[in-house]
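Q: I am new to protein models and would like to learn how to read one, feature by feature. Could we go through the structure below together?

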Amino acid sequence: TYTYTVTADGYQDASGAVTVVDADVTETVVMTAVEPDTYTVTFVVEDTEGDPIADAVVTLNGVENAPGDYVFEDLLPDTYSYLVTADGYEDATGEVTVVDADVTETVVMTAVEPDTYTVTFVVEDTEGDPIAGAVVTLNGVENAPGDYVFEDLLPDTYTYTVTADGYEDAMGEVTVADADVTETVVMTAVAPDTYTVTFVVEDEEGDPIADAVITLGEVTNDAGDYVFEDIMAGTYDYRVEKDGYFPVEGEAAVEEDTTVDVVLEVDDTAVTGPAGISLSIYPNPARGHLHVESSQEIDEIRVIDMLGQMVYSVFVNEKTYKINVAGFKKGIYFVQVYTFEGVVTSRIQVIGL
């Protein structure tokens with residue numbers, strides 16, 4: 001009678017006895033498998049700054065876990081290869097060896113520089129004409145007026161607002177996928193505010209003067225029409241004329257409905273002097289030059305202001321002469337023309353350049 005022991009990896013030892021009498025013997029030994037020890041591999045996935053990366057996909061020896069599931073259980077001792085992928089990062093590969101304990105494997109992933117794109121805005125009016133100086137704001141980032149290009153944009157959907165003086169604001173969205181984008185924005189003009197300019201025309205006594213002719217800017221109203229409507233904000237030259245009065249010129253600043261008071265002075269510049277002299281002095285009112293023409297040879301010309309002071313004199317000895325009044329103060333002057341026949345006096349107005 002013989003005793004025996006049978007051992008095998010992964011099985012419980014088997015022992016027994018076999019008796020040999022007078023023939024060969026075959027002994028069957030049944031061995032019971034031993035449940036092997038298993039272990040857990042846990043992956044820690046982080047970027048180069050040590051910050052954790054969520055939702056990476058880890059594949060271990062061909063077994064792919066769900067995004068963000070970094071734990072593999074019930075692993076037998078062995079060496080396993082792995083692949084880790086995550087959007088925006090380079091793939092990471094390696095091996096982990098399981099011996100007789102759970103394993104924690106740290107995987108450091110390197111970020112991939114993302115592709116970026118350019119959005120260019122074309123800003124135009126409803127006629128298709130370009131609008132300069134508009135301000136474009138894209139996802140809260142405001143460019144300088146007239147700068148319609150946004151660079152280094154990641155794929156995404158962006159909201160924008162476009163503003164420009166004299167136009168309604170324009171808003172919208174632009175989607176950047178995998179190419180540069182040109183976005184055309186059509187802006188609608190806003191009707192500008194307009195105002196009314198009313199002239200009050202009076203004489204030196206404060207009495208109203210009817211039927212004066214007023215020119216405001218490039219617009220001349222009919223005689224007696226002293227109201228200009230639908231005038232845009234700005235500064236306008238005006239001229240008020242009426243027979244028998246000196247014309248008045250000035251400027252009207254329009255920022256709201258405006259009333260312009262104008263006082264016209266009576267034109268009493270009739271030429272007085274000897275009957276034998278024909279004299280012409282023009283233009284009256286004068287701006288830059290005053291022309292004097294006489295039927296008799298002119299000896300001397302004197303210009304007297306309203307205070308009785310002589311502000312100009314010249315010896316002529318001709319029938320015509322041109323006086324430069326550009327340097328004169330605005331106001332009324334008396335021109336005295338001396339000839340052989342006598343002195344002729346005329347009243348003129350200088351209104352300046």
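A: Let us begin with the term strand, which we need before we can say where a loop lies: strands are DSSP runs of E with at least two residues, numbered from the N terminus. Please also keep in mind that this is a predicted model.

Q: With that term in hand, where is P283 placed?

A: P283 sits in the loop between β24 (279–282) and β25 (289–305), and P285 also lies in the loop between β24 and β25.

Q: What kind of peptide bond leads from Y282 to P283, and what kind leads from N284 to P285?

A: As a general idea, most peptide bonds are trans. Here, the bond from Y282 to P283 is cis, with omega near -10°, and the bond from N284 to P285 is likewise cis, with omega near 10°.

Q: Next I would like to read the backbone angle phi; what is its value at D211, and what is it at D230?

A: The general expectation is that most residues other than glycine have a negative phi. In this model D211, although not a glycine, has a positive phi of about 65°, and D230, which is not a glycine either, has a positive phi of about 55°.

Q: Where are D211 and D230 found, and is D230 buried or exposed?

A: D211 belongs to the loop between β17 and β18 (213–216), whereas D230 is found in strand β20. For the second part you need the cut-offs, by which a residue is buried under 20% relative accessible area, exposed over 50%, and partly exposed in between. D230 has a relative accessible area of 60% and is therefore exposed, while D211, with 46%, is partly exposed.

Q: How should I read the pairing of strands, and how many bridges join β17 to β20 and to β23?

A: In general, strands of a sheet pair through backbone hydrogen bonds, either parallel or antiparallel. Strand β17 (residues 194–203) pairs with β20 (residues 227–232) in the antiparallel sense over four bridges, and in this pairing T194 has M232 of β20 as its bridge partner. With β23 (residues 258–264), strand β17 runs parallel, and seven bridges join the two; one of the partnerships to look for is that of V201 with V262 in β23.

Q: In what order do the strands of the four-stranded open sheet come, and which pairing do they show?

A: The order is β12-β11-β14-β15, and the pairing is antiparallel. The strands β12 (141–142) and β15 (170–176) stand at the edges with a single partner strand each, so that one side of each has no neighbour in the sheet. Looking at β15 from its partner, you will find β14 (residues 156–163) running antiparallel to β15 and joined to it by seven bridges, with Y160 matched to G172 of β15.

Q: In what order do the three strands of the other open sheet come?

A: That order is β13-β10-β16, and the pairing in this sheet is mixed. Its edge strands are β13 (149–153) and β16 (181–187), each of which pairs on one side only, and the twist from one strand to the next averages 20°. Between β10 (residues 117–125) and β13 there are three bridges in the antiparallel sense, and V119 has F150 of β13 as its partner.

Q: How many residues lie between β27 and β28 in their hairpin?

A: Two residues lie between them. The strands β27 (residues 331–339) and β28 run antiparallel and are joined by nine bridges, among them the one in which V335 meets S346 of β28. Strand β28 (residues 342–350) is also mostly covered, since seven of its nine residues are buried.

Q: Is T59 buried or exposed, and which residues does T59 touch?

A: T59, found in strand β4 (residues 57–60), has a relative accessibility of 16% and so counts as buried. Leaving out residues up to four places away in sequence, T59 touches E64, S81, Y82 and L83.

Q: Finally, which residues form a nonpolar patch on the surface?

A: The patch is formed by Y2, V20 and V25, which together have about 290 Å² of accessible area. Of these, V25 lies in the loop between β2 (14–18) and β3 (39–47) and, at 41% relative accessibility, counts as partly exposed.

Notes:
Residues are numbered from 1 along each chain as its sequence is written. This is a predicted model: local features need pLDDT of at least 70, side-chain atom pairs count only at pLDDT 80 or more; totals for chains, interfaces and linings use all residues. Side-chain values use heavy atoms; hydrogens and water are left out. Two strands pair if DSSP finds at least two bridges between them. Buried means under 20% relative accessible area, exposed over 50%, partly exposed in between (1.4 Å probe, protein chains only). Contact means heavy atoms within 4.5 Å. Axes are lines fitted to C-alpha atoms, for helices over the stretch in contact, and angles run from 0 to 180 degrees between N-to-C directions. Patches are made of residues with over 30% relative accessible area and no salt bridge: like charges are joined within 9 Å, nonpolar side chains (Val, Leu, Ile, Met, Phe, Trp, Tyr) within 5 Å. Accessible areas come from the Shrake-Rupley method with a 1.4 Å probe; for residues, only the protein chains shown count as cover. A salt bridge is a side-chain nitrogen of Lys or Arg within 4 Å of a carboxyl oxygen of Asp or Glu.
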